[in-house]
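The exercises below are to be worked with the sequence and the coordinates at hand. Each task is followed by a solution in steps.

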Amino acid sequence: MRTPGTYISAVGHVGLVGWLVLGWGLSSEPLDFEVSEVSVVSGAEFAAIVAATTPQPDVADPTAPVVPQIDDVPVLIEPEPAPQAAPAPEPASEPAQEAPPPEAPEPPAPPSDVVDVAPTVPAPPAIEAAPELNQSPRPQPRPAPRVAPEAVAPPPPDAQVAEIAQDAVVPDAETPAEVVEPVQEATAPEEAATEIVTEADAPSGAVATSARPQSRPDRPAPQTPAQTSTASSDNADDAAVAAALEAALAATAPALPEGPPLTGSETEGFRVAVNRCWNVDPGSEAARVTVTVAFSLDQSGRVDGDVRQVAASGGSDGATSIAFQAARRAILRCGASGYDLPSDKYNQWRDVEITFDPTGMRMR
Amino acid sequence: MTFLTKAALIGLIAVTAGCTRPDRFGAGTNGAETAVVAPPVAVAPTGANDPNSPLFFNQTIGDRVLFAVDTATLTQQGKAILDGQAGWLQKNADYLAIIEGHADEQGTREYNIGLGFRRATAVREYLVSKGVPASRMRVTSYGKERPTQVCSNESCYAQNRRAVTVISIASLS
Amino acid sequence: MLKRILIAMVALVLAGPVLAQGGPLRLTITDGVIEPLPFAVPGFQAENAEATQVAADLTRLVAADLSGTGLFREIPASAFISTHSSFAQTVAYPDWRAINAQALITGAVTVSGNQLVVKFRLYDVFSGAEMGEGLQFAGTVDGWRRMAHKVADAAYSRITGEGGYFDSRVVFVSETGPKDDRQKRLAIMDYDGANVQFLTDSSALVLAPRFSPNGDRVLYTSFGSGFPRINVLDVATVGTRQLQTAEGEMAFSPRFSKDGSQVIYSLANGGNTDIYRGDINSGASTRLTSAPSIETAPSLSPDGTQIVFESDRSGTQQLYIMSANGGEARRISFGDGRYGTPVWSPRGDLIAFTKQNAGRFHIGVMRTDGSEERLLTASFLDEGPTWSPNGRVIMFMRETQGEGGTSSLYSVDISGRNLKPVSLPNGASDPSWGPLQP
């Protein structure tokens, strides 16, 4: 039907299509993208750059210091006819100093102060309490007799308590004539929780062994760039640059040309080595005192001379004295066999000042 | 239904409505076969039947009122019981009363003594308002020390939250 | 070339500050461990034959006192490398270091007739030196437990720097009988549950005894007359008399002032309970609160200038502090639930209390301004905390639920650790810890 409407419609359609085709007013520039400049670096040069920016990998796992050699382990005076002969315990090695006192066989059990009445299951929160879901409560550690920065699972039932985990070693019955190997009992670190768990906040039964993870020093970036062969292709270059940037970012104490300072992991290892022996009594007045002590170390990492108090705040003279004694004991006990610090950086750690601040521990 | 059926039903109802047992309220004076018995002689009632005895006071009128948790407010039933107590005490003017307040175990020791005291005082004030002379009454409180029910849930707690009016002839101190 | 420069520059830019090469290595340590300090106590030497048994008993009790605090851990004798059999011999420190003993306690005991003499020394193993001077105690053989407690107190206070608390006594209520017919009588015991003696018979209902600051008298509430009244008991003679209070219908919840000459208590009058203060001998008294609510359970601060008490003036039981002369009270408890039975710590820094919330009872502590509230226990019914003389340990009563429910005494460290019962033959409640005995 030939009506005026048809004509107008046809014109409109043609006009629209034509406009779209021609594109008046619809043009735009393509989006900008960045082009980074790349230049060719030889494989050797690149390896040198990467090595200089990467921290040294950990020498020892902070939680399990130097695994002793068999003959350093002191003899345990326990049931088995353990020979007292060979190792009169030398205080020299650190494991000896941490020698497990043969405790009653069972590991320290969680305190038997279990509430007389089974804790009532709290009523499920009303729906209106939905906002609570955003913050699921941090899992409570089990109450344990020892409280330490890192949670330690209860030792296996037949293990004696010691600082380091060892498997039981039974002397070979065939070798009586030779030097009898000392009987080595299974040992495991004493169970520890990360915070004080009072009866009022003890969990209702769920065993939570996942505590807040201790922050670890960053691992070095993967070494793949160093393994790249000649960096001639653009792809390898890109990867190399990216990896170098990553390594530089990951390094906690990137190097300066004149010589390696102590890396973060080394100072962290030293800190952990000391705080393991720092015993705090949270209910005491001394737990409010912050004390700074100074001492010197010899090349083998042992304390040279005495530990001196440099500063203190937060308590009476008596409380300060107790806090200082605890700090001093921590340094001497854990350093009896020498602290594990890199000898090629001796100048940096020959003199040490440590500030012990227990105020945060009281509120755990 | 048809008209005839309706009529039959109505008729049936009308007929059976008259059926009744004259003695359905028990043998009474209507019965034609009562033996000749002399009317009972009035014997002085004793024990709990004597409206002037303490036993009557305790068992029939009720010597205690109960309270809701943490309150010392008299309930309606409480007031009804106390009305009876007031009446009795006015009739038997020789008796004195010690009102003991008690609490359930859901609280600390000293506070419960104070709470029991509030309850006993509420009872005394009500009785005074009903005309019992204040000088005949004293209050004390045992807090949670004297429960009558020993289980640890609300059914027992409700019984323990009480004020007991103990009457005696002897002096109050 | 450009890339080389770029990488080098990026590495330099991202490099953080280098540790100063000039000064000492500085660290801050904020995380330590909380674990009992290992100690060794080789058997006390018996200097004559009669002393053998006492020496062995003394050794055991000293070790039990220290281990019982939760702050010390005894290294058993089977682990010793060398023994210390003579009091005068020099200490072989390496042997003790090897078994990780940090403190060494040695002693010697002499018995002659009825007399007992105990000597002791404390050694710091890691320093390789004696800690403090040696001490000697003398007394009768019957008092051997007190001597063991004194030795343990000396070791404890030298190592921790705090006062001891082992040579002290606790007055409490001993309970027997079923729940609806409880027989209660006042009793006194050593802090560890030994040497229980009764101070009253069970003819009258008695509640909440409170020791005087020097341990010579006990205030308590008695229902002997059918109405709660406060009595004063002399511990040495076990004689009692009624305390003269202001005019009122009932008096209860008494406590001594710091010099033992005054009493603060609750008096009930006309349905209202308020706090009063009076002279223990003359009876002259002052009213300290006058609110139409229940005010009770007052406790004085160690310096005697303030009183903490519970009141339900806000609608529920809460804790308030006012001057020891009365006056305006300010509220210090603000959590969910109800708060009662406040007790000021002898160190002056904390207030212990009973808290009731959601059907559970807790013993807790808070600072004197109400901050840092911490709950230490949780159960069906815990109440009535009392402080050890050094303010480190709280003893309280715990009752189990149901028809057969009974009460017993428990103690807990103020850090919330080391919750354990006090071993007693009968039920017990309402403990009040006395002072260290001279």
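**Exercise 1. Confidence in chain A**

Among the elements of chain A, which has the lowest mean pLDDT and which the highest?

Solution. The model is predicted, and pLDDT is the predictor's confidence in each residue.
- Step 1: the lowest mean pLDDT, 37, belongs to helix α3 (residues 94–97) of chain A, and the highest, 93, to strand β5 (residues 290–297) of chain A.
- Step 2: over residues 55–135 of chain A the pLDDT is below 50, and beyond near neighbours in sequence the model gives this stretch 135 contacts.
- Step 3: residues 168–183 of chain A also have pLDDT under 50, with 20 contacts beyond four places in sequence.
- Step 4: for chain A as a whole, the average pLDDT is 62, and 40% of the residues score at least 70.

**Exercise 2. Overall description of chain C**

Describe chain C by its secondary structure, extent, burial and contacts.

Solution.
- Step 1: count the elements; chain C has 4 helices and 32 strands.
- Step 2: take the extent along the principal axes; the C-alpha atoms of chain C fill a box of roughly 95 × 80 × 45 Å.
- Step 3: turn to burial; 51% of the 438 residues of chain C count as buried.
- Step 4: consider contacts in chain C with a separation of 6 or more; 44% of them join residues 24 or more positions apart.

**Exercise 3. Strand β22 of chain C and its partners**

Why is strand β22 (residues 318–323) of chain C described as largely enclosed? Find its pairing strands as well.

Solution.
- Step 1: 5 of the 6 residues of β22(C) are buried, so the rest of the structure largely encloses this strand.
- Step 2: strand β21 (residues 306–311) of chain C pairs with β22(C) in the antiparallel sense over 6 bridges. Y320(C) in β22(C) is the bridge partner of F309(C).
- Step 3: 6 residues lie between β21(C) and β22(C) in their hairpin, and G315(C) in the turn has a positive phi of about 115°.
- Step 4: β22(C) also pairs with strand β23 (residues 330–331) of chain C, antiparallel, over 2 bridges. Here I321(C) has R330(C) in β23(C) as its bridge partner.
- Step 5: β22(C) and β23(C) form a hairpin with 6 residues between them, where G326(C) in the turn has a positive phi of about 90°.

**Exercise 4. Where chain C touches chain B**

How many residues of chain C are in contact with chain B?

Solution.
- Step 1: 32 residues of chain C contact 21 residues of chain B.
- Step 2: elements giving two or more residues to this side of chain C include β12 (206–211), β16 (250–256) and β28 (381–387) of chain C.
- Step 3: by class, the side of chain C that touches chain B comprises 11 nonpolar, 15 polar and 6 charged residues.

Terms used. Residues numbered from 1 in each chain as written. Chains lettered and ligands numbered in written order. Predicted model: local features only at pLDDT ≥ 70, side-chain atom pairs only at ≥ 80, totals over all residues. Contact = placed C-beta atoms within 7 Å. Nonpolar A, V, L, I, M, F, W, Y, C, P; charged D, E, K, R; others polar. Buried ≥ 20, exposed ≤ 12 C-beta atoms within 10 Å, placed from the backbone. pLDDT = per-residue confidence, 0-100. Pairing = 2+ DSSP bridges.
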